[in-house]
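Please open the model in your viewer and keep the selection panel at hand. The stops below say what to select next and what is there.

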Amino acid sequence: MIRIVIADDHHVVRRGLLFFLKTQKDIEIVGEAKNGKEAVELAEALKPDVILMDLVMPEMDGIEATKQIVERNIPSKVLILTSFADQDHVIPAIRAGATGYQLKDVEPDQLIESIRAVHRGESQLHPKVTSHVMSHFTKGFGSTNLHEELTKRELEVLAEIAKGKSNKEIASSLFITEKTVKTHVSNILAKLEVADRTQAALYAVKHGIA
């Protein structure tokens, strides 16, 4: 079962999501929060697998809530579900540690698939925000081929990261240990001078590695 907390300040939105998600046999709603502060508290208390996080909420917004969840090492994945597709919301949310970013106009079936993908550790972006993310994170890459410093195995791992695979999935695909994958990922981020897997994946796409 994928255990979910819904964080949204609109009661109608929470009710609608609850009604819809309860029809899925592999999903269980374990809590609801009407602001970011409650979302962090529920994340710490319940350790859900996925938190559906709105961005604009009272007391604490979704970006700060996501940041706090990550900083507290709470093992919950955050899937942003919002109406905002602009860079002022998308980029800070991803930098805060959100695994996925979907808009509220997403098709129901696609939302379910996004939840399952985020649960597996895969990045999920709504098509309307992908161009914003690509534009922002590839600005500093320029024409410098930093990936030339990567070993053959590191390039293989980078290609798998770009596919949205988790460390466990990469280990299985390349027949190496998960610990070895973690070491490669750390080296890749350092050599490419990027902060996280999402930026590494974008680099791979831009330079034809994926």
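Begin by selecting K37 and E41, whose side chains form a salt bridge in this predicted model, with the closest N and O atoms 2.7 Å apart. Both residues belong to helix α2, which covers residues 36–46, and their separation of 4 residues corresponds to about one turn of that helix. With a relative accessible area of 39%, K37 is partly exposed, and E41, at 42% relative accessibility, is likewise classed as partly exposed. Elsewhere, salt bridges that share partners join D8, D54 and K104 into one network, which you can display by selecting those three residues together.

Next, add E38 and K34 to the selection, where another salt bridge is found, its closest N and O atoms lying 2.8 Å apart. E38 has a relative accessibility of 22% and counts as partly exposed, while K34, at 44%, also counts as partly exposed.

How many salt bridges does the model contain by the rule applied here? The count comes to 14, and one to select now is the pair D26 and R116, whose side chains meet at 2.8 Å, N to O. This pair links distant parts of the chain, 90 residues apart: D26 sits in the loop between α1 (11–21) and β2 (27–33), whereas R116 is in helix α5, residues 108–119. D26 is partly exposed at 26% relative accessibility, and R116 is partly exposed as well, with a relative accessible area of 22%.

Keep helix α5 on display and show α1 beside it, since the two helices are the next stop. Two packed helices are described by the angle between their axes and the distance between the axes. Here the axes of α1 and α5 come within 12 Å and cross at roughly 80°; angles of 65 to 115 degrees count as roughly perpendicular, and α1 and α5 are therefore roughly perpendicular to each other. To see which residues meet, select L17, F20 and L21 on the α1 side, together with P108, L111, I112 and I115 on the α5 side.

Now move to Q102, which is placed in strand β5, residues 100–103. Is Q102 buried or exposed? Its relative accessible area is 2%, so Q102 is buried, the cut-off for that class being under 20%. The side chain of Q102 makes a polar contact with the side chain of S114 at 2.8 Å, and it is worth drawing this pair explicitly before widening the selection. Beyond its neighbours within four places in sequence, Q102 is in contact with L79, I80, L81, T82, Q110, S114, Q124, L125 and H126.

For contrast in accessibility, select P75, which lies in the loop between α3 (62–71) and β4 (77–82). P75 is exposed, with a relative accessible area of 56%. When residues up to four places away in sequence are not counted, P75 touches K47 and P48. Add K191 and draw the C-alpha to C-alpha distance from P75, which is 27 Å for two residues that are 116 residues apart in sequence.

Finally, colour the whole chain by domain, taking residues 2–141 as domain 1 and residues 146–207 as domain 2. Where do the C-alpha centres of the two domains lie relative to each other? The centres of domain 1 and domain 2 lie 24 Å apart.

Conventions
Residues numbered from 1 in each chain as written. Predicted model: local features only at pLDDT ≥ 70, side-chain atom pairs only at ≥ 80, totals over all residues. Heavy atoms only, no water. Buried < 20%, exposed > 50% of the residue type's maximum accessible area, 1.4 Å probe, protein only. Polar contact = N/O pair within 3.5 Å; in protein donor to acceptor, adjacent residues only side chain to side chain. Contact = heavy atoms within 4.5 Å. Salt bridge = Lys/Arg side-chain N within 4 Å of Asp/Glu carboxyl O. Domains from an automatic or database assignment. Axes fitted to C-alpha atoms, helices over the stretch in contact; angles between N-to-C directions. Parallel < 35°, antiparallel > 145°, perpendicular 65-115°, else oblique.
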